[in-house]
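Here's a short set of exercises to work through with the viewer open. Try each task yourself before you read the solution.

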Amino acid sequence: MKITIIGTGYVGLVSGACFADFGNNVLCLDVDARKVEMLKAGSIPIHEPGLDTLVTRNFAAGRIAFTTSYDEAVEHAEVIFLAVGTPPDEDGSADLTHILSAARSIGQRLSRPVVVVDKSTVPVGTADAVSQAIRQELDRRAARIDFAVVSNPEFLKEGAAIEDFMRPDRIIIGSNDEQATKVMRQLYAPFSRNHDKMIEMDVRSAELTKYAANAMLATRISFMNELSNLAEALDADIEAVRMGIGSDPRIGPHFLYSGMGFGGSCFPKDVKALLKTSVDHGRTLHLLKAIETVNEAQKGVLFEKIARHFGGRDELYGKTIALWGLSFKPNTDDMREAPSLVLIHQLLQAGCRIRAYDPVAREEAGRILQATRAECLRSGQLALVASSSEAIEDADVLVLVTEWKEFRAPDFGLLASTLRSKAIFDGRNQYDPEIVRAAGLRYYGIGRRNPWTNQ
Ligand code: UDX
């Protein structure tokens, strides 16, 4: 099938490469000429395992191409995916400027029937707005051309996006148009061969499904984070509780991990946007508000533990803290809403020195911190170093912030002899407290049973 993807960000590029790999003829459009040049030259602007190989292979085979030209992009397509960004507005609602501008650009050029697909995460009602924007442009040219707008939200996890796209749990097709549904079924048939993964519904339900899925996952995380704080007070262990409840098939084991709070480009933004939608429609989602509040508080929990370890905030001044991991989760260089940023700001504020290491997000972290903490980077109060061992040099304590594989089995003996204050703060509950303690280190986790954390 001939597909155009508008927007070569994370979702657009992954979708385009995967469709191309299944034999479709894909043209990706971006208004950023520099990005398009980079892509044509074989350079992938984001870090996603397997994506560069996939793009290169399909580019060489002529199944994926890149352009900045809307004329070319609209002319090419039987199906047009909208995968442009929907950043949050100041009030938390999703900013639809890019989506609607893409819709108008389509309407200005459309010369034959097409299915337009909302792939970006957009508020309920956006498909109608897109439809209206296209219709207005067609009317302006007095053009009578059939088109349908459907909603087909993505459920891609960063770091596992290719796998998620190629082997989806479900493919949601929100459509109020029979012919468009048929086209979408045909397009996705190869991804849904052995079991029918496609779930058809009306457009608005599909739009709401995406928010509901992310809000539900965020709910589980905030619930466990809140419970982990209670577990500490009760001298119970959240990891035992997690396994105890996760084995109930009605609950299931996923997304029950306590940690430093959820980050990333989706959960925080989608929770905010859904809250805004609810307010706009005269409904208050009390639970959702609490999920956000708990998450914000959770990002500060580790700082409080570090301060307590040293005997209070005032004692933090001049201490050197090693951080392992900066990205919001492993296998990505994405720093959006990363809990590490909150911790870094708190530690710098308290006068700590920081030595931080991340396997891939060093450059991205440097870029972001340059904007807010340039002085600390210049003075060396904040150092982004090149290895995990460099991070612990001259450090008082170690904080595990992101659970990259390479941090899973450190040499605790070496850590005990290196860290001046002999303590590990495990923000992801990765380590066995007994093993850490046996090496002569204090262990602080999130909701772990631990004689020290509860003081
Ligand atoms: C998420 C959804 O999973 C995906 O379906 C959607 O399309 C986009 O948003 P992503 O943001 O890439 O994907 O990351 P995910 O793996 O879901 O993790 C989100 C955040 O929750 C991370 O900060 C992670 O550390 C945190 N998390 C996740 C927990 O704190 N505990 C858990 O048990 C799981």
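The exercises below go from domains to a helix pair and then to annotated positions, and they use a predicted model.

**Exercise 1. Domains**

Find the domain bounds of the protein chain, then describe how domain 2 and domain 3 touch.

*Solution.* Start with the assignment: domain 1 covers 2-200, domain 2 covers 211-295 and domain 3 covers 299-444. Next, take the C-alpha centres of domain 2 and domain 3, which sit 24 Å apart. Now list who takes part in the contact: domain 2 puts in ten residues and domain 3 puts in 13 residues. Last, sort the domain 2 side by residue class, and you get seven polar, two nonpolar and one charged.

**Exercise 2. A helix pair**

Work out how α11 and α12 cross, and which residues meet there.

*Solution.* Locate the helices: α11 is residues 267-280 and α12 is residues 286-298. Their axes come within 10 Å and cross at roughly 145°. For the handedness, this crossing is left-handed. Then go through the contacts: α11 brings Val271, Leu274 and Leu275, while α12 brings Leu288, Lys289, Ile291 and Glu292. Classify these residues and you have five nonpolar, two charged and no polar.

**Exercise 3. Spread of the annotated positions**

Why do the residues that UniProt lists for "binding site" not all gather at one spot?

*Solution.* Pull up the record first: an unreviewed UniProt entry lists Asp30, Lys35, Thr86, Thr121, Glu158, Lys269 and Arg336 under that name. Check the sequence, where they span 307 residues. Then check space: the farthest two C-alpha atoms are 24.5 Å apart, so the residues don't all gather at one spot.

**Exercise 4. Two of the listed residues**

For Lys35, find the element it lies in, its exposure and its contacts beyond four places in sequence. Then do the location, exposure and contacts of Arg336.

*Solution.* Lys35 belongs to helix α2, residues 33-40. Count the other C-beta atoms within 10 Å of Lys35: there are 18. Buried needs 20 or more and exposed needs 12 or fewer, so a residue in between is partly exposed; that's the class of Lys35. Skipping residues up to four places away in sequence, Lys35 touches Thr8, Asp30 and Pro45. One of those, Asp30, is also on the UniProt list.

Arg336 sits in the loop between β9 (320-324) and α14 (339-349). It has 18 C-beta neighbours inside 10 Å, so Arg336 counts as partly exposed. With neighbours within four places in sequence left aside, Arg336 is in contact with Gly263, Gly264, Ser265 and Phe328.

Definitions and conventions:
Residues numbered from 1 in each chain as written. Predicted model: local features only at pLDDT ≥ 70, side-chain atom pairs only at ≥ 80, totals over all residues. Axes fitted to C-alpha atoms, helices over the stretch in contact; angles between N-to-C directions. Helix = DSSP H or I, 4+ residues; strand = E, 2+ residues; numbered from the N terminus. Left-handed = near helix turned anticlockwise from the far one by under 90°. Contact = placed C-beta atoms within 7 Å. Nonpolar A, V, L, I, M, F, W, Y, C, P; charged D, E, K, R; others polar. Domains from an automatic or database assignment. UniProt positions renumbered as here; feature names shortened; annotations may be inferred.
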